[in-house]
Amino acid sequence: MRIKVTLIVFLGLGIVLSSFRPETESNIKFSSNDFSLISTNTFASDTTKLDKETGLVVDENLYMVKAQCTGCHSTKLISANHFTRDGWKQKIRWMQANHNLWDLGETEKQVLDYLEKNYAPQQMVSRRAPLKDIKWYDLKLK
Ligand code: HEC
């Protein structure tokens with residue numbers, strides 16, 4: 001009898017106390033600059049460095065992309081997309097036709113080099129490549 005009562009009291013206390021527990025999970029805040037934690041480029045390999053400021057892949061032509069492509073919208077519009085060189089060119093033409101994007105002139109090559117290299121369409125790698133040169137053998141069951 002004693003033990004039962006003690007148990008119930010402890011259980012009750014436990015439930016009451018647990019409802020006062022501070023919400024630890026919702027207290028975790030991510031800085032919006034911390035692209036190294038939340039990367040929209042899910043395909044980036046471990047060795048790909050992302051620029052702190054823009055979340056874009058670090059590369060010798062990044063400065064030009066920063067200069068030409070960050071004035072109007074978030075760089076997430078860039079990092080969330082993967083196009084061929086031609087596809088990127090079409091996006092640029094589309095922005096030039098509809099959204100007052102200026103003529104990139106000489107710098108367009110650098111911008112396209114960068115985009116083609118770092119934001120090309122990527123294959124989903126969901127399984128290993130098929131095996132080659134397999135040597136089959138008879139499985140002898142006794
Ligand atoms: C003059 C302003 C301006 C500049 C500079 C600019 N863009 Fe844009 N861009 C836009 C607008 C406006 C949109 C449409 C945004 C929306 O849909 O919310 C857009 C959309 C996009 C999109 C999404 C397209 C889609 O199909 O949804 C991509 C990708 C993009 N821009 C890439 C770039 C790149 C790369 C550069 C640098 C060459 C660049 N932008 C520079 C104005 C600009």
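**Close-ups of a predicted five-helix chain**

**View 1. Helix H5 and the face it turns inward.** Helix H5 covers residues 107-118, 12 residues in all, and runs 17 Å from its first C-alpha to its last, close to the 16 Å expected at 1.5 Å a residue. Keep in mind that this is a predicted model. Which residues of H5 are buried? They are Tyr-114, Leu-115 and Asn-118. Looking down the axis of H5, you'd find these buried residues within an arc of 95°, so they line one face of the helix. As for what sits over them, the cover includes H2 and H4.

**View 2. The whole chain, for orientation.** Here's the overall layout: five helices and zero strands, which reads α-α-α-α-α from the N terminus on. The chain has 142 residues, and 11% of them count as buried. Take the contacts between residues at least 6 apart in sequence: 53% of those join residues at least 24 apart.

**View 3. The largest nonpolar core.** Nine residues make up this core. Leu-56, Val-57, Val-65, Cys-69 and Ile-78 belong to it, along with Trp-88, Tyr-114, Leu-115 and Tyr-119. Which elements give two or more residues to this core? Those are H2 and H5. Tyr-114 and Leu-115 may ring a bell, as both are also on the list of buried residues of H5.

**View 4. Zooming in on Leu-56.** Leu-56 is one of the core residues. Set aside its neighbours within four places in sequence, and what does Leu-56 contact? Its partners are Leu-50, Asp-51, Leu-62, Val-65, Thr-75, Ile-78 and Ser-79. Of these, Val-65 and Ile-78 are named in the largest nonpolar core too.

**View 5. The shell around the ligand.** The ligand has 15 residues around it, and the closest are Cys-69, Cys-72, Leu-77, His-99 and Leu-101. Helix H2 (62-69), helix H3 (76-79) and helix H4 (85-98) are the elements that each supply two or more residues to this shell. H4 gives the most, with three residues. Sorted by class, the shell comes to eight nonpolar, six polar and one charged residues. Cys-69, one of the closest to the ligand, is also a member of the largest nonpolar core.

**View 6. Asn-100, in the loop between H4 and H5.** Is Asn-100 buried or exposed? It has 8 C-beta neighbours inside 10 Å, so Asn-100 counts as exposed; the cut-off for exposed is 12 or fewer. The C-alpha atom of Asn-100 is separated by 9.9 Å from that of Cys-72, though the two are 28 residues apart along the chain. The backbone is worth a look as well: phi of Asn-100 is near 60°, a positive value in a residue other than glycine. Most residues other than glycine have a negative phi.

**View 7. Asp-133, in the segment after H5.** What is the phi of Asp-133? It's positive, about 50°, although Asp-133 is not a glycine. Asp-133 is exposed because it has 4 other C-beta atoms within 10 Å.

Conventions. Residues numbered from 1 in each chain as written. Predicted model: local features only at pLDDT ≥ 70, side-chain atom pairs only at ≥ 80, totals over all residues. Near = placed C-beta within 6 Å. Helix = DSSP H or I, 4+ residues; strand = E, 2+ residues; numbered from the N terminus. Nonpolar A, V, L, I, M, F, W, Y, C, P; charged D, E, K, R; others polar. Expected span 1.5 Å × (residues − 1). Buried ≥ 20, exposed ≤ 12 C-beta atoms within 10 Å, placed from the backbone. Arc of directions from axis to C-beta. Contact = placed C-beta atoms within 7 Å. Core = buried A, V, L, I, M, F, W, Y, C linked by C-beta atoms within 7 Å.
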